[in-house]
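Student: Could you take me through one part of this structure closely, and then set it against the rest of the chain? I would like the terms explained as they come up.

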Amino acid sequence: KSGRSAPWERTAERCPQSDGRRTMVLFHVVVTAAAAAVGACAAVGDVEWFNTNVYPQLKGGGGPGDFTCDDKLRCDGGVVTQILLGRTDLSGTLPPALGLMTRLDTLALNDNKLTGTLLTEIGQLHALRTLHVYGNKLTGTVPVQLAAAVKLASVRLDSNGLTGGIPGALGALPELTYLGFNGNSLSGTIPGLLLSSASLVELNVAGNELVGDLPGGPFAVGAGGTRLQVLRANRNKLNGVVAPDIGKLTELRLLHVHECQLTALPPDIGKLEKLNELFAQRNRIVGTLATELGLMRSLVHLVLHDNQITGTLPSEIGELTALNSFQLYSNKLSGSIPMTVANMHTLRVLRLDGNSLDGALTP
């Protein structure tokens, strides 16, 4: 041995205990030298420790922070439980020391200029419920270790430069309700494990480079069903079909798959009886309209223009009496417009132009 003590040991030696209170917590895990070298008598995870070991790297340089337990940091017994530093001009990277803040339940660093990658250490934050790092310049992949943060309820990673695939293991998080990946460069398929999650309410993967079918993998709904109500997958490169499994998402209210390269909608889509919005325009959908569309009596917006749909308009379309917007223009439909369209008393937008339809509509 050299006789020299570790940094945290030297810190403890400098911290008097005469007042009988704990002023220093020794590290019980292997940490980096930067995280270990606490510059003052501070417990891991308290405000002083955050100011010294976390904030300088988030800021991108400079000295320690001067935060207290106020509106930017929320504390419990002196330990930081919420970091609320959105829109604070941070331009550094995420420090590995964040992984030691095991009582953290909210990490909000949105709308800054953070670079670097997402930390695998976030998976160590077993109390974390909110992870919002959207609107930054993060790159790299989404670490599968996020799935180890078992309390996560809201995850927003949108508007970054993330690449690679979406970890399907996130679908097993028991309390996850919101997951946002929109506005990145993610590739691969949309995991069926995400769509069949028993807890997820909203999934936004719009504006990526995702391919394949929807869903794009194994899909098994548990006995309790699914809770998914909002699915935004538009502006991707989805070049397969909307698979029949979509009909198992019986709580779905909004389905946005427009501006992709999808080629088919299955008859099973008619099982989505609670769906309010179906936007699937500007795809490559071929074939005829399924009569099962008439079962979707909660539909308010049915938008399928700029596809290659053929055949006739089924008379069952008149069962959609809640429709406000019905847009099928620029397809290859033919035949007569069914008289049942006159049953759509709430219709405000009707566009069937750019087809080969004939007949008249009753005012």
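Tutor: Strands (E, at least two residues) and helices (H or I, at least four) are DSSP runs numbered from the N terminus, and two strands pair if DSSP finds at least two bridges between them. This is a predicted model, in which local features need a pLDDT of at least 70 and side-chain atom pairs count only at pLDDT 80 or more, whereas totals for chains, interfaces and linings use all residues. Residues are numbered from 1 along each chain as its sequence is written, and side-chain values use heavy atoms, with hydrogens and water left out.

The part to look at closely is the pairing of E1 and E2. Strand E1 covers residues 73-76 and strand E2 covers residues 79-84, and the two run antiparallel to each other over 4 bridges. Asp76, on the E1 side, stands opposite Val79 in E2. With 2 residues between them, E1 and E2 make a hairpin, and Gly77 in the turn has a positive phi of about 65°.

Following the chain onward from the hairpin, one comes to Arg87, which lies in the loop between E2 and strand E3 (106-108). Its phi is near 55°, again a positive value, but here in a residue other than glycine. In general, most residues other than glycine have a negative phi, and most peptide bonds are trans. Arg87 is exposed, because its relative accessible area is 66% (exposed means over 50%, buried under 20%, and partly exposed in between, with a 1.4 Å probe and protein chains only).

On the other side of the hairpin, the loop between H4 and E1 holds Phe67, while Tyr55 lies in helix H4 (residues 55-59). These two rings form an edge-to-face pair, 4.9 Å from centre to centre with 75° between the planes (rings of Phe, Tyr and Trp, the last by its six-membered ring, pair if their centres lie within 6.5 Å, with planes under 30 degrees apart called stacked, over 60 edge-to-face and the rest tilted). The pair therefore ties together parts that are 12 residues apart in sequence. Tyr55 counts as buried because its relative accessibility is 12%, and Phe67 is buried for the corresponding reason, at 16%. Tyr55 also forms a tilted pair with Phe50, at 6.4 Å between centres and 45° between planes, and Phe50 is buried as well. Ring pairs thus link Phe50, Tyr55 and Phe67 into a cluster, and the whole structure has 3 aromatic pairs.

Further along the chain, Ser154 belongs to strand E5 (residues 154-156) and counts as buried because its relative accessibility is 16%. Its side chain makes a polar contact of 2.9 Å with that of His132 (a pair of N or O atoms within 3.5 Å, where within protein one must be able to donate a hydrogen and the other to accept it, and residues adjacent in sequence count only if both atoms are side-chain atoms). Beyond its neighbours within four places in sequence, Ser154 has contacts (heavy atoms within 4.5 Å) that include Arg129, Thr130, Leu176 and Tyr178.

Leu255, in strand E9, is buried because its relative accessibility is 1%. The C-alpha atoms of Leu255 and Leu278 are 5.1 Å apart, although 23 residues separate them along the chain. Among the residues that Leu255 touches beyond four places in sequence are Leu214, Leu231, Ile246 and Phe279. Leu214 is joined to Pro215 by a cis peptide bond with omega of about -5°, and Pro215 lies in the loop between strand E7 (202-204) and strand E8 (230-232).

Over the chain as a whole there are 5 helices and 17 strands, and 48% of the 363 residues count as buried. The average pLDDT (the predictor's confidence in each residue, from 0 to 100) is 89, and 88% of the residues score at least 70. Residues 1-40 stay under 50, and the model has 47 contacts for them beyond four places in sequence. Where pLDDT is low, the predicted coordinates should not be read in detail.
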